[in-house]
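Please open the model in a viewer with the cartoon and the side chains available. The tour below proposes a selection at each stop and describes what is found there.

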Amino acid sequence: MDRETLTVLYFADAARRAGVSEEQWPLPPEGDLRALRRRIFRRHPRLAELGGSLLWSVDEEMAIDGQVLRGGQRVGVMPPFSGG
């Protein structure tokens, strides 16, 4: 993994909607999760349908929308979970 690439992992319904469970993305010029999310939604419009209900992580920690990204990180995209 180079310093300009992110690994994006899709879980459960997010993977089904994206059609992949993992893919490599270039680090967005804006350098934050918000910019990456916009690019992911353009590539995977069915995933965009879940919009604000998706959960995002960076290196296995829950992430906030404007979080700054660095190359080499792993970004997780997860649908909402329920349980009991």
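Select helix α2, residues 33–43, together with the strands beneath the helix. In this predicted model, α2 lies across β1, β2, β3 (55–58) and β5 (74–78). Relative to β2, the helix runs at about 120°.

Stay with α2 and display the side chain of R43. The charged end of R43 sits over the ring of W25, at 3.9 Å from the centre of that ring. Elsewhere, if the aromatic rings are displayed, how many aromatic pairs does the structure hold? The structure holds 1 such pair.

**The sheet**

Next, select the strands and hide the helices. The 5 strands form an open sheet with mixed pairing, in the order β2-β1-β5-β3-β4. Which strands stand at the edges of this sheet? They are β2 (22–26) and β4 (61–62); each has a single partner strand, so one side of each is left without a neighbour in the sheet. Strands of a sheet pair through backbone hydrogen bonds, in either a parallel or an antiparallel arrangement.

**Strand β1 and its two partners**

Now select β1, residues 5–10. On one side, β1 pairs with β2 in the antiparallel sense over 5 bridges. Two positions are convenient for inspecting this pairing: L6 stands opposite W25 in β2, and T5 has P26 of β2 as its bridge partner. W25 is thus a residue to keep displayed, as its ring is also the one beneath the charged end of R43.

Turn then to the pairing of β1 with β5. These two strands run parallel and are joined by 4 bridges. Y10 stands opposite V77 in β5.

Is β1 enclosed or open to the outside? The strand is largely enclosed by the rest of the structure, because 6 of its 6 residues are buried. Colouring by accessibility shows cover on both faces of β1: T5, T7 and L9 are buried on one side, and L6, V8 and Y10 are buried on the other.

**P26 in the edge strand**

Select P26, which has its place in strand β2. P26 is exposed, with a relative accessible area of 52%; the cut-off for that class is over 50%. Its bridge partner T5, by contrast, belongs to the buried residues of β1. Leaving aside residues up to four places away in sequence, P26 touches E4, T5 and L6. For a distance to draw in the viewer, take the C-alpha atoms of P26 and T7: they are separated by 8.8 Å, while the two residues lie 19 residues apart along the chain.

**Two loops**

Move to G19, in the loop between α1 (13–18) and β2. G19 is exposed, at a relative accessible area of 58%. A second distance can be drawn from here to L50: the two residues are 31 residues apart in sequence and 14 Å apart in space, C-alpha to C-alpha.

The next selection is D59 and E60, both found in the loop between β3 and β4. Most residues other than glycine have a negative phi. At D59, phi is near 50°, a positive value in a residue other than glycine. E60, which is not a glycine either, has a positive phi of about 70°. How exposed are D59 and E60? D59 is partly exposed, with a relative accessible area of 36%, whereas E60 counts as exposed at 74% relative accessibility.

**The whole chain**

Finally, restore the full cartoon and trace the protein chain from the N terminus. There are 3 helices and 5 strands, and the elements run β-α-β-α-α-β-β-β. Along its principal axes, the C-alpha trace spans about 40 × 25 × 20 Å. What radius of gyration does the protein chain have? The value is 12 Å, which agrees with the figure near 12 Å for a compact globule of 84 residues.

Two totals complete the view. Buried residues make up 42% of the 84 residues in the protein chain. Of the contacts with a separation of 6 or more, 49% are accounted for by residues 24 or more positions apart.

Definitions and conventions
Residues are numbered from 1 along each chain as its sequence is written. This is a predicted model: local features need pLDDT of at least 70, side-chain atom pairs count only at pLDDT 80 or more; totals for chains, interfaces and linings use all residues. Side-chain values use heavy atoms; hydrogens and water are left out. Rings of Phe, Tyr and Trp (its six-membered ring) pair if their centres lie within 6.5 Å; planes under 30 degrees apart count as stacked, over 60 as edge-to-face and the rest as tilted. A charge sits over a ring if NZ of Lys or CZ of Arg is within 6 Å of the ring centre and within 35 degrees of the ring normal. Two strands pair if DSSP finds at least two bridges between them. Contact means heavy atoms within 4.5 Å. Axes are lines fitted to C-alpha atoms, for helices over the stretch in contact, and angles run from 0 to 180 degrees between N-to-C directions. Buried means under 20% relative accessible area, exposed over 50%, partly exposed in between (1.4 Å probe, protein chains only). The radius of gyration is taken over C-alpha atoms; the globule rule is 2.2 Å times the number of residues to the power 0.38.
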